[in-house]
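Reader: I have a model open and would like to learn how to read it. Where do we begin?

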Protein chains: 2
Amino acid sequence: MPDDEALPPEQLVTALARKARTAQIVLAAMPDEDKANALRSAAAALREDGAAILAANAKDIAAGQERGLAAAMLDRLALDPDRLEAIALAVEKVASLPDPVGNVIERTEQPNGLQMTRVRVPIGVIGIIYESRPNVTADAAALCVRAGNAALLRGGSEAVHSNRAIDAAMSRGLVNSGVPDGAVQLIPTQDRAAVGALLKAAGEVDMIVPRGGKSLVARVQEEARVPVLAHLDGINHTYVHADADKEMAEAIAVNAKMRRTGICGALETLLIDASYPHAAALVNRLLETGCQLRGDKRAQSLDQRIGAASDEDWDTEYLDAVLSVGIVDGIDDALAHIRRHSSGHTDAIVTANADAAEAFLQQVDSAIVMANASSQFADGGEFGLGAEIGIATGRLHARGPVALEGLTTYKWQVRGTGQVRS
Amino acid sequence: MPDDEALPPEQLVTALARKARTAQIVLAAMPDEDKANALRSAAAALREDGAAILAANAKDIAAGQERGLAAAMLDRLALDPDRLEAIALAVEKVASLPDPVGNVIERTEQPNGLQMTRVRVPIGVIGIIYESRPNVTADAAALCVRAGNAALLRGGSEAVHSNRAIDAAMSRGLVNSGVPDGAVQLIPTQDRAAVGALLKAAGEVDMIVPRGGKSLVARVQEEARVPVLAHLDGINHTYVHADADKEMAEAIAVNAKMRRTGICGALETLLIDASYPHAAALVNRLLETGCQLRGDKRAQSLDQRIGAASDEDWDTEYLDAVLSVGIVDGIDDALAHIRRHSSGHTDAIVTANADAAEAFLQQVDSAIVMANASSQFADGGEFGLGAEIGIATGRLHARGPVALEGLTTYKWQVRGTGQVRS
């Protein structure tokens, strides 16, 4: 939309949001099967446009190389036929998920005969602000549309050509299947002021989902007037209890830290009980994977390769092959450390003691609490949700992996026969 | 706490919130029956302190008369033995409600054997900012504690003595029954900067519930960094459809507008279908109750006593014996008017046509949508929730009457047997 692009950011966002609202009202009333078919049509359009999307992606990669983007960033940005097929398959997967809209949460009849029904409805217009990965353009659009919401997408400038090509394909596929134009819109400017305008568009935009690093999250927290589905750091702890099985503790710690170090469910702080008899073997196993360890005094005494942890280390999300290691005196000490330093994402215990496991699961108040499993399972797919728009670390609305249900709200329908209140 | 009162507002709120957090962690682990008994003990303490509370209230009333508070405000402020007994009974009622904490929302087992359980937990530390009515001090504290939350209460300066006396009784009753000191705290200063500090205490306070008029709500929307359970105006519509029963339409319109004009569920705009044959009788019935009507041109032609509605009237919450009246051409025209002007609180249709009723219930996207009932039923008690902390007009977390469930969130518990992610 070349004309809109020339508008000041506030007016641009308002115009896009109102177009989105109009589309969303129609989308909200579409039958389940029509929404699902529209997503299948969008997946087909992604495949049809494969060559164009890959060509657009090549432009982004070339520009990124010129700008000297880090290799990890370029890898997140890069598409190839396999990754593109995975994006199309993910859209089809969302089409196959059960539609939460219209589900009855509860139904009661009051003594005066009024029938109260609490029913799931879409949230409305959702703004998604994200960085680098172009697959988010398709994933987020698919999840929003499946739950009857309109999506305003604001991707990172490094992926601008890829995002435009993916959005063009998705939108064509959706519109060809009866979804109104405007249900999915990529904000057509890279002006950073457009992000500010989106964050302040209370009344026009119903929810913001930020998917990005610390600077984005900090900006969102500072500026947002629209409710935000918060996603803070994943400063995740695994506590190896005195009664942990040796093999299990080592397998879980290595997997939680090293399987993929750059994801939000990765382990960042290992707490080892002072009574756990195999602590030296545990840290040795981690060191042998190539992980750098930073410990408190007692942890350092386990192995001379362990460096000293600074105060900040306990509050750091490394997203790298680095791990803080602390020695704690029993479960209460572990709980106190977690209470002080956890970001509320995913915290775990390894123990063969069922009482200790249950106490940990009850008392740790993070979005996800685990016993005897790797924190890398913190993922909507692994939770059986089929997909996710993010992992919420806030306390309201939705917590942990957020998929379709988290993209809905509810309303109360009251059916009467002329009742008046006395 | 005379020492704390001398702190700057930010430090004061931080100190109170940390004390609240410490107490809340203990409260969250208290068995259901202990929390219920503590509320019964608080109700008993309210009765024990009856004379002191009424004496404190007399001070507020005298100060309010001196300051020239309006009669309606003085009435909201005033306590007598009956009102005090009603406050104690309301606390006992909350004690008798089922505790949502610990309820399992869903439980699944994944193919790898991981067991996922989504379980209700308290939100944490909740700030409640309110005006005039001293009963909110007891109601809000009771609801928060019942669901395992700590409460930071900030009442209006006009009720300061009443609120302190009620808080002193409630807190003594709670602490005597094992609730930690600090679970309920009245902010001990009337400095308005304390409200600002509370609104900005992200990380220390988990949710803000504003209960007050437009100026409070506007301030909260502008300043809050803590998530807010929003409560906007109740610009509520009732649409009298062409097929409405004459007697029912009149009874509902009169009750919805005139039963109590000052509550948020009161009718503010009546939409009459141009095809409804008894429009003149309907407006006559309303005029005879003493209600002032402001209409569009077609409505004015029904009765010469109907004044002209200005553009602002359609967006005004009168909270008085004043009503906007518009004539609409069919249900789509009514839906369009409601979409443009409703505050999303409570909108209703009166019709004998079941298809029209269902279309309205589906398509109007307000927190509460009603067919053939008075909008004055918008109340947690009338919905069978036993109580309410407010009626949420936002779209996230909770909508409509909010009681105990809305004061909880959930976490995911994952139980494994050593699973690692491949």
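Author: With annotations: UniProt positions are given in the numbering used here, feature names are shortened, and annotations may be inferred rather than shown by experiment. UniProt, in an unreviewed entry, places "domain: Aldehyde dehydrogenase" at residues 13-298 of chain A. This is a predicted model, where local features need pLDDT of at least 70, side-chain atom pairs count only at pLDDT 80 or more, and totals for chains, interfaces and linings use all residues. Residues are numbered from 1 along each chain as its sequence is written, chains are lettered from A and ligands numbered from 1 in the order in which they are written, and side-chain values use heavy atoms, leaving out hydrogens and water.

Reader: How much of residues 13-298 of chain A is helix and how much strand?

Author: Helices (H or I, at least four residues) and strands (E, at least two) are DSSP runs, numbered from the N terminus. Residues 13-298 of chain A are 50% helix and 17% strand.

Reader: Which strands are at the edges of the open sheet?

Author: Strands of a sheet pair through backbone hydrogen bonds, either parallel or antiparallel. Here two strands pair if DSSP finds at least two bridges between them. Ten strands form the open sheet, in the order β10(A)-β9(A)-β11(A)-β8(A)-β7(A)-β12(A)-β13(A)-β16(B)-β2(B)-β1(B), with mixed pairing. The edges are β10 (307-308) of chain A and β1 (104-109) of chain B, each pairing on one side only. Within the sheet, β9 (residues 292-295) and β11 (residues 322-328) of chain A run parallel over four bridges; A:Gly295 has A:Val325 as its bridge partner in β11(A).

Reader: What share of chain A is buried?

Author: Buried means under 20% relative accessible area, with a 1.4 Å probe and protein chains only. Of the 422 residues of chain A, 57% are buried.

How values were computed
Buried means under 20% relative accessible area, exposed over 50%, partly exposed in between (1.4 Å probe, protein chains only).
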